[in-house]
Amino acid sequence: MRGFKIADSDLAKYSYSASVNEATLHIGLISTFLQKRLIFDEVRVKDAVLILEKKALPPALNPPLAETPEGSASLQAEKPKDNIGKSQFSELYIRKLKAENMEFIFKDHSSARLPTVVEVVNIDGEVDHFLVSFRTPVNFKGAIHFNGYFDSAQKGRLQVKGTIAKRGNEIDFDLKSEIQDADLTYFSQYYASTSFAILKEARVDIKSDAKCQKNELRTYHDAHIHDIKLNDITPTSQDTLFSLPAATVINFFNDYGGEVKFSFNIGGTLSDPKFEPSPVIKEVISRALGDRIAARFRELPRDVVKISEKAIKGDIDLGKESQAWIEGLEKQFEAFKKELKKKYDSDKAAH
């Protein structure tokens with residue numbers, strides 16, 4: 001099969017489209033007719049493109065989902081159909097689906113600025129035991145394992161593996177993912193609010209463990225930002241990085257020698273119409289970095305801590321002069337600690 005496309009725009013917040021340049025289908029003919037379900041021993045897809053777009057709809061056009069009774073297996077907009085004949089297939093089952101050179105494009109139109117576009121290219125991977133019900137089309141399950149790159153190999157690598165299932169209005173999955181050596185500046189629209197680029201270069205590694213049971217999402221992440229290089233600019237008090245005052249974050253990066261490690265967790269209910277992953281991720285990462293900065297400042301003398309806490313909240317702007325003054329006090333404090341240790345060692349030896 002060559003050159004076919006599918007598209008759907010019925011979703012309230014998202015629309016998607018997919019195209020495939022070439023697909024090879026190995027059908028299990030005998031099993032298909034005996035079991036009355038469409039069975040493929042293997043499906044190979046080459047040069048496919050999947051596009052997911054987040055729409056910018058006004059609230060009036062985006063009503064919340066209606067609540068369903070506990071244990072219900074149907075969606076508000078999807079109900080089991082009774083007009084399926086006995087000769088029709090009830091399910092699609094693929095023992096192994098292989099993707100080669102696939103591309104995933106996410107377009108976010110919800111921002112007032114230009115749409116944010118994230119591309120994952122050169123995706124190679126597999127889906128094992130993929131099952132879709134034709135009687136309730138929203139149901140599916142499978143095991144996935146994919147590798148790809150953000151925009152190009154130079155922008156960083158993404159790996160995802162685990163299992164996923166959807167039954168009615170409930171989603172279950174257990175996924176492990178790893179972002180390796182990704183270009184952090186590629187995602188600047190998600191963490192920076194400035195009229196210029198503060199981060200000249202930066203790479204990020206993130207290991208994630210995401211679990212969801214009956215729409216209840218819990219994720220755990222370990223992040224490492226490294227190889228940080230900053231442009232030689234002085235940010236204003238309105239400029240922010242990770243929802244924190246940009247001057248504070250810049251001073252923190254400089255103080256840590258161009259790298260920082262931190263962890264963060266994200267949780268929520270997928271069926272809650274108010275739950276949006278993007279702002280939650282930004283908020284959680286900002287809080288994690290803020291805690292890391294606060295922990296660093298708590299190592300300074302008490303007078304410096306008071307100033308530092310105000311800087312984190314954005315009450316004052318730590319300019320170059322203030323930063324030099326704080327660094328001077330920090331050096332004095334370190335020298336004071338060394339003198340105390342020397343005196344302690346001397347007294348201990350005397351006794």
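Is Phe130 buried, partly exposed or exposed, and what is its relative accessible area? I looked this up in what is a predicted model, and Phe130 comes out as partly exposed, with a relative accessible area of 23%.

**Aromatic pairs**

I then looked for the ring that partners Phe130, and found that Phe130 and Phe140 form a tilted aromatic pair, with 6.4 Å from centre to centre and 40 degrees between the planes. Because Phe130 lies in strand 5 (residues 116-133) and Phe140 in strand 6 (residues 140-150), the pair ties together parts that are ten residues apart in sequence. I checked the cover of the partner as well, and Phe140 counts as partly exposed, at 29% relative accessibility. The count of aromatic pairs comes to four, and I noted that ring pairs also link Phe150, Tyr186 and Phe187 into a cluster.

**Strands 1 and 2**

I turned next to the surface, where Met1, Phe4, Ile6, Tyr16 and Leu25 form a nonpolar patch whose accessible area together is about 460 Å². Strand 1 (2-8) and strand 2 (14-27) each supply at least two residues of this patch. I followed Leu25, which has its place in strand 2 and is partly exposed, with a relative accessible area of 37%. I also looked at Val20, which is found in strand 2 but is buried, its relative accessible area being 13%; that value falls under the 20% below which a residue is called buried. For a contact across the sequence I noted Val20 and Met102, which are 82 residues apart in sequence and 8.8 Å apart in space, taken from C-alpha to C-alpha.

**Strands 7, 8 and 10**

I went on to the hairpin that strand 7 and strand 8 form, which has two residues between the strands, and in whose turn Gly168 has a positive phi of about 65 degrees. Strand 7 and strand 8 (residues 170-183) pair in the antiparallel sense over eleven bridges, and I took one position as an example, where the bridge partner of Leu158 is Ile179 in strand 8.

What does the side chain of Lys166 reach? I found that Lys166 has its place in strand 7 (residues 157-167), and that its side chain reaches the backbone oxygen of Gly168 at 2.8 Å, Gly168 being the turn residue with the positive phi. Lys166 counts as buried, at 16% relative accessibility.

On the pairing with strand 10 (residues 199-213), I noted that strand 8 meets this strand in the antiparallel sense over nine bridges, and that Asp174 stands opposite Lys211 in strand 10.

**Strands 9, 12 and 13, and helix 2**

I looked up a further sheet, which is open and has three strands in the order 9-12-13, with antiparallel pairing. Strand 9 (192-193) and strand 13 (244-245) are its edge strands, each of them pairing on one side only. Strand 12 (residues 240-241) pairs with strand 13 in the antiparallel sense over two bridges, and the bridge partner of Leu241 is Leu244 in strand 13.

How many of the ten residues of helix 2 are buried? Eight of them are, and I therefore entered helix 2 (residues 246-255) as mostly covered, given that buried means under 20% relative accessible area. The buried residues include Ala246, Val249, Ile250, Phe252 and Phe253, and among them are also Thr248 and Asn251.

Methods: Residues are numbered from 1 along each chain as its sequence is written. This is a predicted model: local features need pLDDT of at least 70, side-chain atom pairs count only at pLDDT 80 or more; totals for chains, interfaces and linings use all residues. Side-chain values use heavy atoms; hydrogens and water are left out. Patches are made of residues with over 30% relative accessible area and no salt bridge: like charges are joined within 9 Å, nonpolar side chains (Val, Leu, Ile, Met, Phe, Trp, Tyr) within 5 Å. Accessible areas come from the Shrake-Rupley method with a 1.4 Å probe; for residues, only the protein chains shown count as cover. A salt bridge is a side-chain nitrogen of Lys or Arg within 4 Å of a carboxyl oxygen of Asp or Glu. Helices (H or I, at least four residues) and strands (E, at least two) are DSSP runs, numbered from the N terminus. Buried means under 20% relative accessible area, exposed over 50%, partly exposed in between (1.4 Å probe, protein chains only). Two strands pair if DSSP finds at least two bridges between them. A polar contact is a pair of N or O atoms within 3.5 Å; within protein, one must be able to donate a hydrogen and the other to accept it, and residues adjacent in sequence count only if both atoms are side-chain atoms. Rings of Phe, Tyr and Trp (its six-membered ring) pair if their centres lie within 6.5 Å; planes under 30 degrees apart count as stacked, over 60 as edge-to-face and the rest as tilted.
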